Amino acid sequence: MPLDSLIPTAQICLAQGGGAGAGLMSMLPLLLLMGLGYAVFVLPQQKKERQYREMIANLKEKDHVLTSAGIFGVVTNIQRDQDRVTIRIDETNGTKIRVATWAITGVITDDKPGGTPPPAKETKK
């Protein structure tokens, strides 16, 4: 293609506002939308994951926990190398179950609203 035929095309593009600044300005709304989506969806999820990892890392014996199956129990043993936790689910006869650490959905404390530990031993009359 001869050089003479490219010059009019370049002049038309510049005359119509097709310069480098116009391309960036047309992408600005898309970039702002992507940034807003990141701030609204990704950052809160990362914060929740970080808090969950801290909760599992700080899990210790005698903590009252809730599993993803809705089972309340007290931690009796933690096997971090195998990602397992043994919890006692019945105080009267000492029934225990072993669950994966990912099945622990929360540690229950007295000061947490709505979360109360399972009742203590029931007394028989």
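Of the 125 residues in the protein chain, 17% come out as buried. The model behind that figure is a predicted one. Its accessible surface adds up to about 9800 Å², and carbon and sulfur atoms account for 61% of that. As for secondary structure, the chain has two helices and five strands, and reading along the sequence gives the pattern α-α-β-β-β-β-β. Looking at contacts between residues at least 6 apart in sequence, 35% of them link residues at least 24 apart.

The strands come together as an open sheet. Its five members line up in the order β4-β3-β2-β1-β5, with antiparallel pairing. At the edges sit β4 (96-100) and β5 (104-108), each with a pairing on one side only. Ignoring direction, neighbouring strands of this sheet are turned against each other by 45° on average. Inside that order, β2 (residues 72-79) and β3 (residues 84-88) are held in register by five bridges, again in the antiparallel sense. One position to look at here is V74, which stands opposite R88 of β3.

T86 is another useful spot on strand β3. Its relative accessibility is 13%, so T86 counts as buried, the cut-off being under 20%. Setting aside neighbours within four places in sequence, T86 touches V74, V75, T76 and N77, and also K96, I97 and R98. The first group overlaps with β2, which spans residues 72-79, while the second overlaps with edge strand β4, covering 96-100.

Next comes the nonpolar interior. The largest nonpolar core has 12 residues in all: M55, I56, L59, V65, V75, I78, V85, I87, V99, A103, I104 and V107. Helix α2 and strands β2, β3 and β5 each put at least two residues into this core. L59 is one of the core residues, and beyond its neighbours within four places in sequence it is in contact with V65, V75, I78, R80, V85 and V107. Among these partners, V65, V75, I78, V85 and V107 are listed in the core as well.

Helix α2 runs over residues 20-57, and A57 belongs to it. A57 is partly exposed, at a relative accessible area of 49%. In sequence A57 lies 44 residues from T101, yet the C-alpha to C-alpha separation in space is 9.9 Å.

That leaves the charged pairs. Side chains of opposite charge can pair when their charged atoms come close. The structure holds two salt bridges. One of them joins K60 and D63, with the closest N and O atoms 3.3 Å apart. The two partners of this bridge differ in burial: K60 is partly exposed at a relative accessible area of 49%, whereas D63 is buried at 11%. In the other bridge, the side chains of R88 and E91 meet at 3.4 Å, N to O. Here E91 counts as partly exposed because its relative accessibility is 30%, and R88 is likewise partly exposed, with a relative accessible area of 24%. R88 thus turns up in two places, being the β3 residue opposite V74 and also the salt-bridge partner of E91.

Definitions and conventions
Residues are numbered from 1 along each chain as its sequence is written. This is a predicted model: local features need pLDDT of at least 70, side-chain atom pairs count only at pLDDT 80 or more; totals for chains, interfaces and linings use all residues. Side-chain values use heavy atoms; hydrogens and water are left out. Two strands pair if DSSP finds at least two bridges between them. Helices (H or I, at least four residues) and strands (E, at least two) are DSSP runs, numbered from the N terminus. Axes are lines fitted to C-alpha atoms, for helices over the stretch in contact, and angles run from 0 to 180 degrees between N-to-C directions. Buried means under 20% relative accessible area, exposed over 50%, partly exposed in between (1.4 Å probe, protein chains only). Contact means heavy atoms within 4.5 Å. A nonpolar core is a set of buried Ala, Val, Leu, Ile, Met, Phe, Trp, Tyr and Cys residues joined through side-chain atoms within 4.5 Å. Accessible areas come from the Shrake-Rupley method with a 1.4 Å probe; for residues, only the protein chains shown count as cover. A salt bridge is a side-chain nitrogen of Lys or Arg within 4 Å of a carboxyl oxygen of Asp or Glu.
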